[in-house]
Amino acid sequence: MYKVLICDDERDIVSALKIYLEAEGYETLCAYNGQEALALLAREEVQLVLLDIMMPGLDGIATLSRLREDSNVPVIFLTAKGEDTDKILGLNLGADDYVTKPFNPVELLARVRSQLRRYTQLGAVPPKRNELRAGGICLDDESKTVTLDGEPVSLTPTEYDILRLLLQSPGRVFRPDAIYRAVWREEPFGAESTVAVHIRHLREKLEIDPANPRCIKAVWGQGYKIDTNDSKDS
Amino acid sequence: MKKLRGSFAAKLVAVITLCVLVVICVLAAVGTAYLSDSDAYSMDLKQAEERAIENQAIGWLYDAAESYKEGNTQPQLTNTNFRYTLLSPEGEELFSTYEGEKTRWEGSQQIQPRFYVEHISVEYPEPAKAEVTPTPSPTEAPAEAEMAEPTPQPTLPPTTATRNVLHVFCYDTNEEFNFLSDADLIRWRNANALTAKGYVLAELPVADGISQAISRIDRLYGYRVLLPVAAGLSFVLGVLLFLFLLSAAGHRDSGEEITESFVDRIPLDLFTLLIASGICAIVAFGFGFGLPGNIVGYALGMVLLLGAGLLFLLWCMSFAVRVKKKSLWQNCLLTRLWRWCGRVLRNGGHLLGRGLRALPMLGRWVLILGAFLLAELLILAIFNGEGVVLWVLHILVLCPAVLFLIWSMRRLRLGAREIAGGNLSYTVDTKYLFGELKDHAEDLNHIRDGMNTAVEERMKSEHFKSELITNVSHDIKTPLTSIINYVDLLEKEELDNERAKEYVEVLSRQSAKLKKLIDDLIEASKASTGVLAVHPERCELGVLLDQCAGEYAERFGKAGLELVLLKPREPVTILADGRHIWRTFDNLLGNIVKYAQPNTRVYWNLSREGDKAIVIFRNISREQLNLSGEELMERFVRGDSSRNTDGSGLGLAIARSLTQLQGGEMDITVDGDLFKVTLRFDCIE
């Protein structure tokens, strides 16, 4: 039984989240500002924190930096601002993921599940040889299998090849024609958009919100890359 | 008058009449002059005849004397009624054709030597004594020398080494003399004058110039009143006609506008030169060949005169046209040359200036000052060697002063550059600056203060705007989150009431729509207020189009649309923020998926025109579009009047704002059902 701490100044949102999480079988603790959250964290063993950024008193950013002083617990930011600067700041301070308000309950639960699985399961498993990891994605080149947060994902051979290519050099931007040449082993001749279609499929299989990917990212006008900045686990 | 002005015939008639008038005027004037020369206006016919004879005879007398002086010993004017006798200054007869015939007229004339005078200074080796020194030996020309020698000048200071004298060259004898005063010259001249006596035979047995002159006087005397009147009248009429021609020049077909003929397009100076050389050629022809002194010669002379006159008239008329057209100076080779020279000088100056500017400021001024001083030194050295000491002294004062000035100015310049470059914490040091320069430095500091304030204000306002949007967004989104979540929870409740279930469904749908609307609204206000940060990077549009096409492949397939992507082979690169440009294309493609007629093709072109990258989206609209492209880009305007699709009406407005934010332009054209979006960006290499 995982314990999740929900911290938001809006009580209705806290209770709604409580209902969702308890329906999924998680135990919940509620806090309505930063101080309360820190106090609860000091007392209780918690596996995940949902933290609002904009709160009176101690705000989410400050709470996170205090929390990170002595804890490694995964934190998901709830943000209404949707400002890129806030997201980047939060992620740099040690948040593991973020959800933008108004959020989709399904997406939120998916992210909670993913973070919990990564925190509790994967952290312990030492990486194997021939294994490529990024975010929750793990590609085993020996068994030719891909798992997302420990759960197997079925990919077509083309998708597998593209993913392997991207994972081999995380952070490097691959042009669509370069991907085409490497995977199809022939000249694209105007078939570059095929690459984009496959990338989109990959994202649908491996990202919680394919329109807003955290790992398999498009660098518009340049190509695609595996983003390692957001994912601290890899 | 206007009609006349435009008519070619009128001008032709005017020109011909003018020619006739000129002929009349010239002839009448010549006649009048001849009559007045013969005193026909103050005397009767008899006396006028006598005067005409005298004029002719004296003229001949001179001719005969000059001919004798040139060494011609033949008797002159033999076949005439004229006889003459030449006497030396001493009264001896030198030459004579007169043999005591009966005469009608007798007269005598002093024929003085022909000479040339100039004022010169002459050095005398020994003072006094020889005041007049004939250059050649006086013995060669005894008569002249004798007269020149006895001119003692007691007032002369004996020690003078140089003296101003009149230097005379006599053409008759090819001799040179020096005279001390005008009186001496006159004395010499009179003493050497020949006396010529002339006689005209009575009865005039031969037909010659004299008998002609008499018959001419007889003939003209009757018209002696008419001739000047005719000359005056024809002159006045001629001037009037001339003025008419000037005013008519350039007019055609009674219009007011001025038409230039090909003559008027010749550059003025070239034209003037042509005309002048034409006139000169005519005159030279007239003089050069020496027209015969008979009626044919006169007629030929008249024709030549008329020819020259017509050329002059042509020039005057063309000049008039040019004045009227105001093209007097424009159409002129010299003007063009002058302008060209000006341009060359200016360009040269610019070049020199640029070269100088390329030097560092101090070095440049040292160079200029050095050149100036060197020039000054040269001038002083050439004109006055003693000025060098003065020059060195004033340099010692001037140089440090100028260098100090330059140093001060350099400091101002550096300060201004710092401030202009955005360093608003820079203060121009006013220490060691004086007067105007100090004021200037203080002004610069004030400008900096003003800019500081302005920048702060601006930052504050920007910050305020972005804060406002963020806060409003937060305050709206928080309750919306609750609404969406609780509606979702309500949906999951076991409701036995069918109607309640339906209501919950409506709530769910509408709250989702509200969410989308608010997201777009916030996005739109961010984009249009410029609060959004832009991080431009290289963006290859061809790659971007492929990426977008891949993203949208399935949605296009589902909507039954075929995407036709056309792009050049070579890469087209722009500077853009990848996320913003994706958002722009996302909106436009989403728009197409939503509003395009199913089973049609969507054309997506990328091209490069000069330094502009152009992306064009074209699709066939499903609904009839009653709005212009400009109206469609307004916020909350939607092409479908029913407004039942799930758009917010902000997609195009956001796309445009984001495009502008990245330095691009977006245009929408609606042509019937063809919906066309054009994006333009600046290319980089």
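Over how many bridges do β3(B) and strand β7 of chain B pair, and in which sense? Hold that thought for a moment. One caution before we go on: this is a predicted model.

Now the answer. β3(B) and β7(B), residues 194-201, run antiparallel and share eight bridges. In that pairing, Q110(B) faces T195(B) of β7(B).

Let's widen the view to the sheet. It is open and has four strands, in the order β2-β1-β7-β3 of chain B. The pairing is antiparallel. At the edges sit β2, residues 93-96, and β3, residues 103-111, both of chain B. Each of these edge strands pairs on one side only. From one strand to the next, the twist averages 15°.

What packs on this sheet? Helix α3 of chain B does, residues 45-69. α3(B) touches β1 (82-87), β2, β3 and β7 of chain B. Its direction makes about 45° with that of β3(B).

Next, chain A. Look at helix α7, residues 176-184. Which of its residues are buried? They are P176(A), I179(A), Y180(A) and V183(A). Why do these four lie on the same side of α7(A)? Because they cover an arc of only 100° around the axis.

And what do they pack against? In chain A, the partners are α6 (157-168), α8 (192-206) and β11 (223-226). Chain B contributes as well, with α16, residues 541-558. So much for the helix itself; now its end. Just after α7(A) comes R185(A), with a positive phi of about 60°.

To recap: a four-stranded open sheet in chain B, with α3(B) packed on it, and a helix in chain A whose buried residues also pack against α16 of chain B.

Note on methods:
Residues are numbered from 1 along each chain as its sequence is written. Chains are lettered from A and ligands numbered from 1 in the order in which they are written. This is a predicted model: local features need pLDDT of at least 70, side-chain atom pairs count only at pLDDT 80 or more; totals for chains, interfaces and linings use all residues. A residue is buried if 20 or more other C-beta atoms lie within 10 Å of its own, exposed if 12 or fewer, and partly exposed in between; C-beta atoms are placed from the backbone. Helices (H or I, at least four residues) and strands (E, at least two) are DSSP runs, numbered from the N terminus. The arc is that of the directions from the helix axis to the C-beta atoms. Two residues are in contact if their C-beta atoms, placed from the backbone, lie within 7 Å. Two strands pair if DSSP finds at least two bridges between them. Axes are lines fitted to C-alpha atoms, for helices over the stretch in contact, and angles run from 0 to 180 degrees between N-to-C directions.
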